[in-house]
Amino acid sequence: MSLENISCQKSFGGWHKRYRHRSAVLGCDMVFAVYLPPQAEQGGTLPVLYWLSGLTCTDENFMQKAGAHKLAAELGLIIVAPDTSPRGSQVPGDPDGAWDFGQGAGFYLNASESPWAEHYRMHDYVVSELPALVEAHFPASTARAISGHSMGGHGALVCALRNPGRYRSVSAFAPISNPMDCPWGQKAFSRYLGEERSRWCEWDASVLIAQAQEQLPLLIDQGDRDDFLEGQLKPQVLVQAAQQAGYPLTLRMQPGYDHSYYFIASFIDEHLRHHAEALSNG
């Protein structure tokens, strides 16, 4: 599993780097970003936060806009940001060129329907292939956390809920909480997974939380001026499911905030501390 370094910038005493590699799981070349704090050069291994971005994003959005490097450097936390879907001329996209499906919109699931199944296996990439790569090439320990925004928030929740023991903490910003019952999710699920809704349950956090074999304290921030709040995100459905299951979920409705990276940057430090505390235990 070789890596090609495509960029490198010094940041708060550490390094922000971007790499390209061939993904066996996705059948295409992929790019991911990694922030290595100063402690990465001092020997030993460090915990890792995996960040999953939202629709239309790449690895670059979070690293450039979230303002996470400064505190990550203080906490000794590696951050890894994968792309949001497989890419390349051989990878099918939305036939109409829509922005909410296909390339840039992988939804962090394993597609089962043709022609998507060959490449759209972002769940396996994020949960297994990418961490193996990171832990082989960087001073990264197996202490992992996961977070994300919007579609990536959905991905973070599903990755944690489907893989007990894989992560020590989970959080999300404005996640798509009930994709089975929103336009973005229904469009993606019906194409990636087929029309049989029983398959959709396997990728919906509001369903999975009732079946959770592990209860990681879950922190969610949501802006109350988010244009997608009622129609697409539906955090109240996830909260109700968590309450019924006795799952420890904290939803913080943030007055005046929207869906943008200004919102993420405003609260990212609290999420980093949430993860750092869990990662330092055990």
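Helices (H or I, at least four residues) and strands (E, at least two) are runs assigned by DSSP and numbered from the N terminus. With those labels in hand, welcome to the close-ups of this predicted model.

**Figure 1. The whole protein, with 10 helices and nine strands.** Taken along the principal axes, the C-alpha atoms fill a box of roughly 50 × 40 × 35 Å. A compact globule of 282 residues would have a radius of gyration near 19 Å, and the 17 Å of this protein agrees with that. Of the 282 residues, 58% are buried. Among the contacts with a separation of 6 or more, 72% join residues 24 or more positions apart. The exposed surface comes to about 11,100 Å², with carbon and sulfur atoms supplying 46% of it. As for charge, there are 21 positive and 30 negative charges, and their mean positions are 4 Å apart.

**Figure 2. The largest nonpolar core, seen around Ile146.** In soluble globular proteins, nonpolar side chains tend to be buried together. Here the largest such core holds 92 residues. Which of its members touch the most others? They are Phe32, Phe107, Ile146 and Tyr192. Beyond its neighbours within four places in sequence, Ile146 is in contact with a set of residues that includes Leu49, Tyr50, Leu52 and Val126. Further along the chain, the contacts of Ile146 include Ala156, Cys159, Ala160 and Tyr167. Ser169, Val170, Ser171 and His275 are also in contact with Ile146.

**Figure 3. His275 in helix H10.** Helix H10 covers residues 261–280, and His275 has its place there. Is His275 buried or exposed? Its relative accessibility is 0%, so His275 counts as buried. Leaving aside residues within four places in sequence, His275 contacts Leu49 as well as Ala145, Ile146 and Ser147. Ser169, Val170 and Ser171 are also in contact with His275. Look for Ile146 from the previous view, which has His275 among its own contacts.

**Figure 4. Ala160 in helix H4.** Ala160 belongs to the helix that covers residues 151–162. With 8% relative accessibility, Ala160 counts as buried because the cut-off for that class is under 20%. Not counting neighbours within four places in sequence, Ala160 is in contact with Ile146, Tyr167 and Val170. For a sense of distance, try Ala68: it is 92 residues from Ala160 in sequence, and the two C-alpha atoms are 21 Å apart in space.

**Figure 5. Backbone geometry at Phe107, Pro115 and Ser150.** Most residues other than glycine have a negative phi, and most peptide bonds are trans. Where does Phe107 lie? Phe107 is in the loop between S5 and H3, and has a positive phi of about 60 degrees although it is not a glycine. Phe107 is buried as well, at a relative accessible area of 0%. Pro115 is found in the loop between strand S5 (78–82) and helix H3 (122–137). The peptide bond leading from Ser114 to Pro115 is cis, with omega near 5 degrees. Ser150 is found in the loop between strand S6 (140–148) and H4. Phi of Ser150 is positive too, near 60 degrees, and the residue counts as buried at 3% relative accessibility.

**Figure 6. Asp83 in the loop between S5 and H3.** Asp83 is a buried residue, with a relative accessible area of 6%. Which residues does Asp83 contact, leaving aside its neighbours within four places in sequence? The partners are Met30, Val31, Cys57, Thr58, Asp59, Tyr108 and Met122. Ala105 can be picked out too: Asp83 and Ala105 are 22 residues apart in sequence, with a C-alpha to C-alpha distance of 9.7 Å.

**Figure 7. Lys234 between two helices.** The loop holding Lys234 runs between helix H8 (229–233) and helix H9 (235–245). Its relative accessible area is 15%, and Lys234 is therefore buried. Not counting residues up to four places away in sequence, Lys234 touches Ser177, Asp181 and Leu229. Asn178 is 56 residues from Lys234 in sequence, while their C-alpha atoms are 6.4 Å apart in space.

Notes: Residues numbered from 1 in each chain as written. Predicted model: local features only at pLDDT ≥ 70, side-chain atom pairs only at ≥ 80, totals over all residues. Heavy atoms only, no water. Core = buried A, V, L, I, M, F, W, Y, C linked by side-chain atoms within 4.5 Å. Buried < 20%, exposed > 50% of the residue type's maximum accessible area, 1.4 Å probe, protein only. Contact = heavy atoms within 4.5 Å. Rg over C-alpha atoms; globule rule 2.2 N^0.38 Å. Areas by Shrake-Rupley, 256 points an atom, 1.4 Å probe, with all protein chains shown as cover. Lys, Arg positive; Asp, Glu negative; His and termini not counted. Charge placed at Lys NZ, Arg CZ, Asp CG, Glu CD.
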